[in-house]
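Hi,

Here is the structure I promised to pass on to you. My notes on what turned up in it follow below.

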Amino acid sequence: MVPEGLPAALARLRAAISAADFPLALTSAAEAREVGAALVAQLDDYLLPRLARLDAPLLVVVGGSTGAGKSTLVNSLVQARVSAPGVLRPTTRAPVLVCNPADSQWFRAGDLLPGLTRTTKPSVDPHTLQLVAAPALTPGLAFLDAPDIDSVVDQNRQLAAQLLAAADLWLFVTTAARYADAVPWGLLRTARLRGTVIALVLDRVPDEAGDDVPAHLAEMLEANDLAEAPLFVLPETDVDGQGLLPDRDTAELRAWFDRLASDANARAAVVRQTLDGAVAALSPAADGLAAAADEQAAAARALRERVRAAYRGGAETVERSLKDGRLLRGEVLSRWHEFVGTGDFFRGLEARIGRLRDRITAAVTGRPQPGNQLKSAIESQLTTLLRGVAGDAAENAYTGWQAHPAGAALLEPSLARPTPDLPDRADRLVRDWQRGVLELVRQEGGDKRFVARTAAYAVNATGLAVMIAVFASTAFIPTGLEIGTAAGTTLAAQKVLEAIFGDQAIRRLAAKARQDLLDRVDDLLADEAARYFDRIEAVGVDADPGGELRAAAAEVERARSAAALTVGSKLALPQRERGELR
Amino acid sequence: MTQFMGRVREALRGNRRVDPDVLIGRLDAVRSFLDAADGHLPSERLVPAHTLVERAGGRLALSRDHTLVALAGATGSGKSSLFNALAHMHLSPVGVRRPTTGQAFACVWGAADAAGGLLDWVGVLPRNRFARESPLDGDDEAPLRGLVLLDLPDFDSVEAAHRVEVDRLLGLVDLIVWVVDPQKYGDRVVHEAYLREFHRHKDVTVVVLNQADRLSTTDLPKVLGDLRRLLEEDGLGGVPVVATAAVQDAAMVELRRLLERTVAERQAALRRLSGDVDSALARLDDLVGGPAPSDVDKATSRALADALAGVAGVPAVADATERAYRHRAGAATGWPLVKFWRKLRPDPLRRLHLHTPTVVDTGLAPADGDAPVPATTSLPDPSAAQRASLGIALRTVTDKTAGELPEPWRVAVGDAARSRLGDLPDALDKAVAGTELGVERKRAWWRAVGLLQWLLTLVAVAGLGWLVAGYIVRALGLPRFDYPMVGEVPLPTLGLLGGLAAGILLALLVKPFIRWGARRARRRAEARMRESVAEVGRDQVIAPVRAVLRDYTTARDAYAAAGPPG
């Protein structure tokens, strides 16, 4: 009896849906979360328990707008005051389930709607389900009085939607004043799309409305492809002492349900039709979730890309500044001239006496050595450049995220600026790099002709020359003109540069040092960008979230066609007896 | 209890008369807020306030003797029945089919022409307008004269177009009578989409529970109590709640009284607009924060000037100035015999195309009265680090001045600081080129030393000449003449050697002075250039920022002025 494969496929889909997460604040996310929760609820509340027992009693959920008279109708149908009607809106807050005592075992077991606590006493807690046994009701059929679908109480609406999703048959109750309301029609359309079997009651029709309103409602049903649904009309009347509608008004409706209850085939057909419709509706819904999940992943990618682009722009600025020799201007160049012009450079290269004399000069005149000055000029230029670049990149990334709905939600003001300790880290980076360059010269320069063996001072001088070479880039040998315009220079300084750049060894060293500097800058910027990436990581977006959802949905669809629930039992609702209408 | 509450409410409401002048003042304040904020803030944030100003202007220009009252409600609540019952005429079609009314109907008590402009403004079709004034009534309807009653379409039916029309009309009317019925009074759409939106319009809101005749006398107070509770949750606690039944004249009396009172007060339009101003201000709330600093602080301007000086190449020019001073001073005071060497070297300032235009007093004012435009300099392009430091300085300006402002204003300040970034290099170049560096003029002491050098050289040459003359005389065997002796040394020799030695000594002696003077010239030039560059910063960066800050302050003051009186 129970179709093979389908429960397993549904369980897989359920797992996939509950695993799907929509953490980024996209417009589709809130809806997807809601849909996902509703699907999981429907699977737990209805599909899985119903599949387990196809022969369980038919559950009729009485739903509709607030004030439509649902409770009064249920009371009248079972000929007992089981649900309290009232004039205050909304009236019913906790659902009431009425069934024949013979069927109550199944409903009490709690397979169906497992989230609701069973109780036998009237309750106002929306998480309970009050079970009432009504001997007057034919076995095989149960009525569930649901809360309204459109009142101000949010909980009611959610609960009503949950209960409607668990209905084998939805008895939709509306009134002459309400039948054109927008909210219930939205639900009706959803139910039709899902294949739920629907019956309608037009309640509280005043005398003057006559046949006009039912006729109009029938037109509207036709227009909405719901002409198949049986429509019952109840006039606006006073209730009797028991709070029940007069017998003659409800007789037709009761008779119809009696016939449905006693016809096992018809009941089974209703169950299978609704079940099949509900399972069939899962697949498109899951696809929708998959699309929303893919959108999340795409948004996360887009956000990452924006950050990456911003910081890549920063790295490119640094690279360009090195390439076009822009860093070799101003301060650095004049210090270089001093360094070369004072003869420090050559002395440094050639002898140690120079060092001693320079120390003495420095001590006497109080002036720092030109070599050190050059070094610190390089340091301050690079540090400023790095700070500026990191600042621009942070700002660009921030604006990029701000323009993205999901990004704006992840931002915090501090991201717009570089990390507070960036100046320190930039300083350290530059000093580390300079040390690295000296190290490089020491290692590789041992046999080069202008590096006097093991002379630390010579290493320093060569190191500085290498740094200058890095600043001027290896692809570009500064001409006399280029340097001359910067600020008057001495011929010697030019010659030295030309000699340096002409030297293959220095160029190779410079290329290495340059790469080293760029790598360090990349690391620094990557650290900065990581603050952004961390925020995406923190909310957690899967790489391929839609895949499993789609696969599970496809499997459900395959299992559904294999199960062929509706084949062989055609839906044939009992015909209503016409003529008794007023 | 209810009566007591009612009296308290009356007392409170009575006090809240809206003075038209105060209202107009508040509207003007909103307008000046918008004037100040336009162009700085995202325009979509200002749309509601713009709409308000426009709408209020429209309403106040039209008849204030009329009161526009709208009947609004869900489909089937009996708006049209109520409308007809109030008018004592069958004007609006009442139907059992839902939804019924798709267009607004209007009924004017008093001369219909007088309210024509108002109804045109509201947009009620002429064929849907009715006048309620007939001699048959006598004075029965007189208390309602001035009432313009609108019957709106529903807002909860499947017809979405109805809802659009209702939303439009609800924005325009003076007083809204919300019509609910025992079936629908708890509907979500009524409360969440409509009543809650009007919680700032308490004093122009009336809620009517229609079809009260369908409830028993014991149920009616319960339902009314529940309705009041829901209204309280909507933020509408204290609004009048009236039970009516369109089919019974007696049940209409209370609503009629209420309308008569409203019409007589002629306050509804003002109260409505006043509520609108409150709503609009509430939406502008996060655009206003603490006070803005009146100006950019000193340290920040100095940092900006530093960065700009770097970009403008001030240190390079200052360097060149120092060297130019030394060059020129050397040329003027050097030992004349080796001075020509210097002439072979180029003047450092000339190399930058930066020799300041010599001020020549021709006695003729320039034709256009402007200073001559300095030529573009050949200063090197700013280094990458200098550009970066300018970026940092601009960001600091934004952070320091706008740090406490609301986010949209902070963005506006940032944009303003950067607004003339494109013009900056040119302006800086001009500023540097136009600055008098103070090394053109020859110093008096250079001349004096120069003269002395010449004198000394002259002495040396004279000494040499004398010696040579003596030598020639001796060589030719002519009677030699005696050199005057100074001590043991002949005077010409003393003149020659002394002149040469003194010249060299003098050149050496003035060297420290030249160096000192060059450093001074450098400092002075640097200070002057920094002043020019700072001026550029004030013009191109600080002035736009200051303009935004000023606008913010104006907007902030206007916001405070537009706030509810008292």
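Let me start with Phe155(B), remembering that this is a predicted model. Leaving aside residues up to four places away in sequence, Phe155(B) touches Ala74(B), His162(B), Arg163(B), Val166(B), Val189(B) and Tyr194(B). Where does Phe155(B) lie? You will find Phe155(B) in the loop between strand E4 (147-151) and helix H6 (160-170) of chain B. One of the residues it touches is Val166(B); Phe155(B) and Val166(B) are 11 residues apart in sequence, and their C-alpha atoms are 6.6 Å apart in space. Is Phe155(B) buried or exposed? Phe155(B) counts as buried because it has 24 C-beta neighbours inside 10 Å, where the cut-off for a buried residue is 20 or more.

The elements on either side of that loop lead us to the sheet of chain B. Seven strands form this open sheet, in the order E3-E2-E4-E1-E5-E6-E7 (chain B), with mixed pairing. At its edges are strand E3 (129-132) and strand E7 (241-243) of chain B, each of which pairs on one side only. From one strand to the next, the twist averages 20 degrees. Strand E2 (residues 105-109) of chain B runs antiparallel to E4(B), and four bridges join them. If you would like to look at this pair, Phe105(B) stands opposite Asp151(B) in E4(B). H6(B) packs on the sheet and touches strand E1 (67-73), E4 and strand E5 (175-180) of chain B. The direction of H6(B) makes about 150 degrees with that of E1(B).

As for chain B overall, its secondary structure comes to 19 helices and nine strands, and 43% of its 566 residues count as buried. Among contacts in chain B between residues at least 6 apart in sequence, 80% join residues at least 24 apart.

Now over to chain A, and to its strand E1 (residues 58-64). Seven of the seven residues of E1(A) are buried, so the strand is largely enclosed by the rest of the structure. Leu58(A), Val60(A), Val62(A) and Gly64(A) point one way from E1(A), while Leu59(A), Val61(A) and Gly63(A) point the other way. Which strands does E1(A) pair with? E1(A) pairs in the parallel sense with strand E5 (residues 141-145) of chain A over five bridges, and five bridges also join E1(A) to strand E6 (residues 169-175) of chain A, again running parallel. Val61(A) has Leu144(A) as its bridge partner in E5(A), and Val62(A) has Leu171(A) as its partner in E6(A).

There is also a helix pair to see in chain A. Helix H9 (residues 264-323) and helix H19 (residues 504-539) of chain A pack at an angle of about 155 degrees, with their axes 10 Å apart. That angle makes H9(A) roughly antiparallel to H19(A), and H9(A) passes H19(A) in a right-handed crossing. The residues of this contact divide into 14 nonpolar, one polar and six charged.

Last comes the contact of the two chains, which takes 42 residues from chain A and 45 residues from chain B. On the side of chain A that touches chain B, helix H6 (182-194), helix H7 (212-223), helix H13 (370-402) and helix H17 (480-486) of chain A each supply at least two residues. H13(A) gives the most, with eight residues. That side of chain A divides into 18 nonpolar, 14 polar and 10 charged residues.

Happy exploring!

Key
Residues numbered from 1 in each chain as written. Chains lettered and ligands numbered in written order. Predicted model: local features only at pLDDT ≥ 70, side-chain atom pairs only at ≥ 80, totals over all residues. Contact = placed C-beta atoms within 7 Å. Nonpolar A, V, L, I, M, F, W, Y, C, P; charged D, E, K, R; others polar. Axes fitted to C-alpha atoms, helices over the stretch in contact; angles between N-to-C directions. Parallel < 35°, antiparallel > 145°, perpendicular 65-115°, else oblique. Left-handed = near helix turned anticlockwise from the far one by under 90°. Buried ≥ 20, exposed ≤ 12 C-beta atoms within 10 Å, placed from the backbone. Pairing = 2+ DSSP bridges.
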